[in-house]
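Welcome, and please open the structure in your viewer. We will take it one selection at a time.

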Amino acid sequence: MRIISIGMLWACLISNPITSLAQADSSAEIEQIRAELAAMRTDYEARIEALEKRLNTAEQEAVVAKQTVESVASRQAELAVQPAPAAAQGAGRSSNAFNPALGVIFQGQVWAYDNDPDDYMIPGFPLGGEAGPLPEGLALGETEINISANVDDKFTAWLTAPIAIEDGEAGIEIEEAWIETMMLPAGLTLRMGRHFANIGYLNEKHAHTWDFADQPLPYQAFLGGQYLDDGVGLRWLAPTDLYLEFSGEINRGANYPAGGAGRSGFGSYALHARTGGDIGFSHSWMAGLSYLQADADERASGSEDDPLYFTGESDLMMAEFVWKWAPNGNNRQRNFKFVAEYLWRNEDGFYNLPDGRILPYNTDQQGWYLQAVVQPFPRWRLGLRWDQLSSNEPGEVFNGTPLMPLADDPRRYSIMADWSNSEFSRLRLQYTYDQAGLEDDKQFGLQYIFSIGAHGAHAF
Amino acid sequence: MKNIMKKVVVTILFLLSPIMATADLKVFACEPEWAALAEEIGGKSVKANSATNALQDPHYIQARPSLISKVRRADLVICSGAQLEIGWLPMLLNKGSNPGVMPGNPGNFVASDYVKRLDVPSTVDRSQGDVHPLGNPHIQTNPRNILLIAEALATRMAELDAKNADIYHDGFEDFDQRWRAAISAWEERASSLRGKRVITHHKSWVYLEDWLGMEEVANLEPISGIPPTAGHLSSLLKRFGDDGADIIIHAPFQSEKASKWLSDRTGIPEIMLPLTVGGSDKASTLYSWFDDILDRLLGALQL
């Protein structure tokens, strides 16, 4: 239809000048006619373009109109309540409409210590991964870019790319990059890519959602802060009234507490079972058990200059419990949150010490924390945390090495207060009395967390 | 003998009744009004649960384990939409592992798609507070909106549960008739509310005001989503101290302190209005909820 009408237009355009051209006797006239012809052509092209645009718009509007049920439309007219055009209320029509949700999280802090945090160590628990005190003085925390969108009707994708500063250089990293299915039947969901392992309560939580500025001791000692790895995981949600979720995953085993991507790059696996529910309108709870088995191949920990290397197996059991309360379940005004986790670890293998000795090591260790956060009125929260570690003695041969625990269990007591102007901003003050390091330490921190752009919904 | 037979039949029917009464369509509603509406339309053939109750602020809900389990087994998820539930619903849908109720599928019904949304901002910036780019999501306070949504919902329910399509169709026709009659009655009763000037805690009532011709002159929140501050309240006191408004409204889940403070100093009457079904003792159904809204407004204004 459109092709025919354009063809006819051109036919008219061309036939008219040809007749006048035959009668022309001067080149000036020819020039004039050419100019007119060119002008007409531009004019018609512009008009055709305008017509095409109108046609496009009309087609799009027709599609939009079709989406609205006809009878609803007639009733709307009758009720004098008309929906605004769907397109006008929705996203624009440009190619930007498919841009993924984009959000940036800004974090920064200032910390003061009595002791030098560079010398920080917990005897018996050489720290690996990202564990350890936050930098002393003013420092930018992790600036995190979150990008997410549905890929199509069956897959969704998530990217967390922190801009981290290491040795004065800013670099972009990939913290999380995963794809998840949305179409599997029977309550199954498959996730693949780089992700925080689905173990414990805190391991999957992004730093901006933590209730304290740092991770509790057992996470620092046993998971390097947070266990992050490349892998694939499957979870199943049971079709029951009671929430029951089971998941299992296999990971590469590249990061602490795994190391060296052992077993040909299938170095760790994890299992997790979770349940939870409500008690009345005001209380809700969740409890879970998880297990992480990690193969460590020359895994480094302890001091950066003289690291210890562990080769062997790391088994970790975790029990989690979360209880939340809000009067009538109305979280906005007042709420209370209690979290407790117990972690038990056995590491069996060999330690390669800086002095060249290679010693067999088989030790059981435990860690736990209890924390409670209360929001007495909107915007303000107060929190208390007690975290502690405990270790069996690895044997006399380890005397004088960082693997020998002290007689007293490492522990800390923390108190925090935070203020949130909106869900997108938070300022936090934290004081920690640290009896985990070589010497007791008083630690003061002030932290900010701000979020711009899209902000995903938070898990329980 | 005949008597015994009768008893046996009755007993068998009695034993079978729970099986026959088994709901065919499991509805997960984000807010109580949509659960009530689904039940109005589907009667016994739906089993509707609401994720929130009338005493909870639907903006701020935890993605609780119990809700995840309910999403997992739902045939139909009904929510207000327009980003009202953005802080928790996406997490429930993601964790719920139920493809049928994911956005874009028939099992996902967004009520605000079927009404004209008010307060659609031309620009959005978080300095304006918790603004909703798709417009004000508290669409349920205009009963005309509810009728529009009811028809689209009945169509959707019939599509999902084809064997009971007639039930939903008849259910809607019945609701349509009764609801129209109710609207006429409400509009007649509320005619004296036209032009009344309203101060509300949050912008929860714009559709009610639009319906009844009332005028919203201020909010207790300095900007949307930010709790009332002392500074903002004293500026309101200055503005409305001298007969600047007729009534102050807050919802059950909003602290009444700010309303009371302003009411005490200005003499403007202050009331709680149920924002949804269950928000007050009287508001036990969709009908009695609007009855109660009008009772309370007319009572407070002594009209």
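Domain bounds, as used on this tour, come from an automatic or database domain assignment. By that assignment, chain B is divided into domain 1, residues 23-185, and domain 2, residues 191-300. Keep in mind throughout that this is a predicted model.

**Stop 1: the whole of chain B**

Begin by selecting chain B and showing it as a cartoon. You will be looking at 10 helices and eight strands. The C-alpha atoms fill a box of roughly 85 × 45 × 30 Å, taken along the principal axes. Of the 303 residues in this chain, 52% are buried. If you display contacts in chain B between residues at least 6 apart in sequence, 61% of them join residues at least 24 apart.

**Stop 2: the two domains**

Now give domain 1 and domain 2 of chain B a colour each. Their C-alpha centres lie 24 Å apart. Where they meet, 28 residues of domain 1 are in contact with 24 residues of domain 2. On the domain 1 side, the elements that give two or more residues are α2 (32-42) and α5 of chain B. Which of them should you select? Try α2(B), which gives the most to this side, with five residues. Colouring that side of domain 1 by class shows 11 nonpolar, 10 polar and seven charged residues.

**Stop 3: where chain B touches chain A**

Next, bring chain A back into view. How many residues does each chain bring to the contact? Chain B supplies 47 residues and chain A supplies 45. On the side of chain B that touches chain A, select α3 (65-73), α4 (89-96) and α5 (143-160) of chain B, the elements that give two or more residues. Linger on α5(B), which gives the most here, with seven residues. By class, this side of chain B has 23 nonpolar, 14 polar and 10 charged residues. You have now met α5(B) twice: it also gives two or more residues to the side of domain 1 that touches domain 2 in chain B.

**Stop 4: a four-stranded sheet**

Hide chain A again and look for an open sheet of four strands in chain B, with the order β6-β5-β7-β8 and parallel pairing. Strands of a sheet pair through backbone hydrogen bonds, either parallel or antiparallel. Which strands are at the edges? They are β6 (215-219) and β8 of chain B, each pairing on one side only. Sight across the strands and you can follow a twist that averages 30° from one strand to the next. For a closer view, select β5 (residues 197-200) of chain B together with β6(B): the two pair in the parallel sense over four bridges. One pair to label is B:Thr200 and its bridge partner in β6(B), B:Asn219.

**Stop 5: the helix on the sheet**

Finish with α9(B), which packs on the sheet and touches β7 and β8 of chain B. The direction of α9(B) makes about 170° with that of β7(B). Select residues 257-266 of chain B to show this helix, then pick out its buried residues: B:Ala258, B:Ser259, B:Leu262 and B:Thr266. Why do they sit on the same side of α9(B)? Because they cover an arc of only 100° around the axis. These buried residues pack against α8 (230-240), β7 (247-250) and β8 (270-272) of chain B. Step past the end of α9(B) and you reach B:Gly267, whose phi is positive, near 80°.

Note on methods. Residues are numbered from 1 along each chain as its sequence is written. Chains are lettered from A and ligands numbered from 1 in the order in which they are written. This is a predicted model: local features need pLDDT of at least 70, side-chain atom pairs count only at pLDDT 80 or more; totals for chains, interfaces and linings use all residues. A residue is buried if 20 or more other C-beta atoms lie within 10 Å of its own, exposed if 12 or fewer, and partly exposed in between; C-beta atoms are placed from the backbone. The arc is that of the directions from the helix axis to the C-beta atoms. Two residues are in contact if their C-beta atoms, placed from the backbone, lie within 7 Å. Ala, Val, Leu, Ile, Met, Phe, Trp, Tyr, Cys and Pro count as nonpolar, Asp, Glu, Lys and Arg as charged, and the others, Gly among them, as polar. Two strands pair if DSSP finds at least two bridges between them. Axes are lines fitted to C-alpha atoms, for helices over the stretch in contact, and angles run from 0 to 180 degrees between N-to-C directions.
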